[in-house]
Amino acid sequence: MNTTSARPPHPDEPGLRPIRPDDAADVLAAFASATDMARQGGVTSLDTAAHYLATLLDGPHVVFGVTVHDRVVGAVGISIDQPNRNGWLWYWMHAGFHGRGWTTRAAATVADWALTDGGLDRLELGHRVNNPASESVARTAGFVPEGLERRKLLVEGDRVDVLTYGRLVDDPWPTVARLPLEHR
Ligand SMILES: CC(C)(COP(=O)(O)OP(=O)(O)OC[C@H]1O[C@@H](n2cnc3c(N)ncnc32)[C@H](O)[C@@H]1OP(=O)(O)O)[C@@H](O)C(=O)NCCC(=O)NCCS
């Protein structure tokens with residue numbers, strides 16, 4: 001087991017560990033917690049949550065759950081483009097745990113891991129221009145704005161611009177506090 005923090009987590013503080021098939025009920029609860037989770041995947045039942053996890057566990061992804069008492073309340077994932085040593089980073093958090101800074105800390109921690117032990121040189125992410133919480137997460141986790149993709153997404157009938165970011169292996173590391181991370 002590798003950890004990025006020598007300090008063990010307080011039992012009520014979040015940590016990061018790889019997602020598992022038995023996280024399906026927690027994933028379903030997170031997707032049911034807010035309507036904007038629908039854009040993260042088609043999770044509407046225990047079966048679709050299990051399928052969502054199976055797809056992430058089988059594909060070119062590394063996905064960490066943000067956990068409290070080993071229950072998943074959020075996730076930070078990286079979809080890996082190995083030939084280019086690039087990764088697309090994404091995140092979500094159960095609405096009941098928003099605004100605690102946990103997604104920001106988790107995104108910074110997972111990005112650090114990806115650019116060191118994970119062997120990647122570049123991480124990318126993008127968010128709708130009308131998602132200021134995601135913008136705050138991206139910037140505070142050390143991602144540098146790179147551009148704007150015009151009318152990239154179709155959201156409830158409207159075409160919406162997307163802001164894009166990158167974090168390179170030799171970019172300055174962010175100063176936000178990290179979370180304990182467990183990786184096998
Ligand atoms: C985006 C999301 C992951 C943020 O999760 P979170 O746990 O609340 O994030 P954090 O608490 O780490 O940080 C949120 C930041 O956004 C800020 N924020 C939240 N709502 C905001 C708003 N309406 N306007 C401006 N800033 C806002 C918070 O103040 C905080 O910034 P701060 O730490 O500088 O105060 C969460 O809203 C989510 O899961 N949304 C649905 C899925 C999604 O949109 N994922 C991202 C796809 S690109």
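User: What makes the approach of Gly-99 to the ligand a polar contact?

Analyst: In this predicted model, a polar backbone atom of Gly-99 is 2.8 Å from an oxygen atom of the ligand. A polar contact needs a pair of N or O atoms within 3.5 Å. The Gly-99 pair is therefore a polar contact.

User: Which distances put Gly-101 and Met-93 under that heading?

Analyst: For Gly-101, a polar backbone atom stands 2.8 Å from an oxygen atom of the ligand. For Met-93, a backbone N or O atom is 2.9 Å from a ligand oxygen. The limit is 3.5 Å, so both pairs count.

User: How much of the ligand does the protein bury?

Analyst: The protein buries 66% of the 950 Å² that the ligand exposes when taken alone.

User: What is the space taken by the ligand called?

Analyst: That space is the largest pocket. A pocket is an open set of grid points, whereas in a cavity the probe cannot get out. The space is therefore described as open.

User: Which elements give two or more residues to the shell around the ligand, and which gives the most?

Analyst: They are strand S5 (86-93), helix H3 (102-114), strand S6 (122-128) and helix H4 (132-140). H4 gives the most, with five residues.

User: How many residues surround the ligand, and which are the closest?

Analyst: There are 21, and the closest are Gly-99, Gly-101, Thr-103, Thr-104 and Asn-131. A residue belongs here if one of its heavy atoms lies within 4 Å of the ligand. By kind, the shell holds 11 polar, eight nonpolar and two charged residues. Gly counts as polar, so Gly-99 and Gly-101 fall in the polar group.

User: Why are S7 and S8 called paired strands?

Analyst: Strand S7 (residues 144-155) and strand S8 (residues 158-168) run antiparallel and are joined by eight bridges. Pairing requires at least two bridges, so S7 and S8 qualify. Pro-145 stands opposite Tyr-165 in S8. The hairpin of S7 and S8 has two residues between the strands, and Glu-156 takes a positive phi near 50°.

User: What makes S4 a partner of both S3 and S5?

Analyst: Strand S3 (residues 61-68) pairs with strand S4 (residues 71-81) over eight bridges in the antiparallel sense. S4 and S5 also pair in the antiparallel sense over eight bridges. Each pairing needs at least two bridges, so both count. Across S3 and S4, Thr-67 has Val-72 as its bridge partner. Across S4 and S5, Gly-74 stands opposite Met-93.

Terms used. Residues numbered from 1 in each chain as written. Predicted model: local features only at pLDDT ≥ 70, side-chain atom pairs only at ≥ 80, totals over all residues. Heavy atoms only, no water. Polar contact = N/O pair within 3.5 Å; in protein donor to acceptor, adjacent residues only side chain to side chain. Areas by Shrake-Rupley, 256 points an atom, 1.4 Å probe, with all protein chains shown as cover. 1 Å grid on protein atoms, 1.4 Å probe; cavity = no way out; pocket = protein on both sides within 12 Å on 5 of 7 lines; lining within 4 Å. Sits in = over half its atoms within 2 Å of the grid points. Helix = DSSP H or I, 4+ residues; strand = E, 2+ residues; numbered from the N terminus.
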